[in-house]
Amino acid sequence: MLKDYFLMALDNIKHRGLRSWLTMIGIFIGIAGVVSLISLGQGLEEAVIGQFKSLSADTLIVQSSSSASYLGPPGTGAVRKLNEHDLELIKSVPGVKMAIPRLIRSVKIEYNNVAGFKYLASIPDNQEQINYIYNIADLKIYEGRLIKPGDKKKILIGADFIKKEQFGKEVKLGSNLKIQGQSFEVIGILDKTSSLEINNAALMPESDLKEILNITDEIDLIAVKVVSKERVEETAELIKRKMRRDRNQKEGEEDFSVQTPIRAFEAITTVFNIVNLVVIGIAIVSLFVGGVGIANTMYTSVLERYKEIGVMKAVGARNSDILQIFLIESGLLGLAGGIVGAILGISFALFVSFAANSYFGQELLAVQISYPLILLSISFSFLIGILSGLSPAYQASQLKPVQALRA
């Protein structure tokens with residue numbers, strides 16, 4: 001019996017083809033908006049959080065305030081550099097297990113007679129520090145090997161560094177790049193990471209970087225490993241106090257910053273939660289509009305089918321049978337709207353992602369498709385359809401056979 005009701009409802013929707021599609025527009029927009037924007041939002045969140053992969057839970061980053069506020073990597077906009085004195089000061093702070101100096105500079109790189117500027121980061125000469133840097137930055141080798149102590153004139157390159165469009169010719173393992181006029185051999189190509197800067201950068205031993213740029217007592221940032229993640233905030237405060245005292249600076253007037261990963265992640269999560277709430281709010285309004293459309297269509301359907309309802313009742317159809325037929329019909333409108341909306345949402349998200357990545361020439365924005373979200377959205381649109389058709393269905397079920405046949 002239920003199968004017959006379903007087929008009858010489906011047939012009624014087909015007969016009102018254009019009107020049925022117009023009815024579902026609000027559902028399309030609502031579901032497509034939720035699926036596309038949240039899928040893109042999750043992809044964007046993943047990309048942004050990927051930029052903080054170099055900060056593990058027990059790691060602090062100390063750098064000059066000007067480089068912290070500058071939109072480029074550390075070392076590109078600092079006025080007062082950190083130095084060896086600052087490094088030793090930080091090492092003496094209780095709770096600090098290891099302090100690793102890093103240099104990150106923009107340098108001229110030539111290959112295949114094509115020159116360009118790329119970011120170059122230093123790798124320390126100590127094996128323990130090297131392992132820690134590889135670990136917190138999640139650096140894995142795709143081809144070749146990683147830099148080790150004692151290497152000279154060797155470099156690692158990021159995954160996007162090898163692209164043909166960078167230098168007109170693909171950089172391969174064993175290729176020689178001219179950096180600041182000196183030749184360096186590519187000994188390793190890194191696996192692709194979620195950090196855009198690492199994918200487009202090169203890494204070389206610290207001693208080589210200091211030599212080609214004639215750097216003496218300068219440090220762009222200091223990665224600080226804390227004894228335990230529970231003491232991160234406490235250790236950060238101790239470092240700030242000691243450096244303020246050493247530099248004779250007041251609180252709030254520091255020319256340095258100490259970044260903790262916990263606050264960075266909390267800030268990012270809060271922003272994306274707000275964005276998701278706004279998206280859901282917009283979607284609810286669209287679904288409400290869609291629900292009104294379904295209710296209007298179902299009321300019109302009841303008026304148009306008075307005689308049909310009268311005939312069904314005259315041959316023995318009960319009120320509950322009429323109610324079920326109209327509820328199934330409105331539910332199918334909501335379900336179809338949800339499915340089409342989800343497909344449109346995923347398609348739109350993939351298109352935006354493809355367009356953005358093509359424009360920037362790299363995998364900047366990935367679409368994170370959440371199947372539970374899609375299932376929930378479709379289920380919700382089905383529920384909206386049923387609720388919207390409840391009143392018209394009840395009205396249809398209460399019609400008297402004689403009144404319906406006279407209409």
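In this predicted model, 79% of the contacts between residues at least 6 apart in sequence join residues at least 24 apart. The chain comprises 407 residues, of which 47% are buried. Its secondary structure consists of 15 helices and 11 strands. The accessible surface amounts to about 20,300 Å², and carbon and sulfur atoms account for 60% of that area.

Strand 6, formed by residues 154-157, pairs with strand 8, residues 182-190, in the parallel sense, and four bridges connect the two. Within this pairing, isoleucine 155 of strand 6 lies opposite valine 186 of strand 8. Strand 6 also pairs with strand 9, residues 202-205, here in the antiparallel sense and over two bridges. In this second pairing, isoleucine 157 is placed opposite alanine 202 of strand 9. Strand 6 thus has a parallel pairing with strand 8 and an antiparallel pairing with strand 9.

Helix 10 covers residues 232-247. At 1.5 Å a residue, its 16 residues should span 22 Å, and the C-alpha atoms at its ends are 22 Å apart, so the expected and computed spans agree. The buried residues of helix 10 are Val232, Thr235, Ala236, Ile239, Lys240, Met243, Arg244 and Arg247. Because these residues cover an arc of only 170° around the axis, they fall on the same side of helix 10. The buried set includes Lys240, Arg244 and Arg247. Asparagine 248 follows helix 10 and has a positive phi, near 55°.

Note on methods:
Residues are numbered from 1 along each chain as its sequence is written. This is a predicted model: local features need pLDDT of at least 70, side-chain atom pairs count only at pLDDT 80 or more; totals for chains, interfaces and linings use all residues. Side-chain values use heavy atoms; hydrogens and water are left out. Buried means under 20% relative accessible area, exposed over 50%, partly exposed in between (1.4 Å probe, protein chains only). Contact means heavy atoms within 4.5 Å. Accessible areas come from the Shrake-Rupley method with a 1.4 Å probe; for residues, only the protein chains shown count as cover. Two strands pair if DSSP finds at least two bridges between them. The expected span of a helix is 1.5 Å times one less than its number of residues. The arc is that of the directions from the helix axis to the C-beta atoms.
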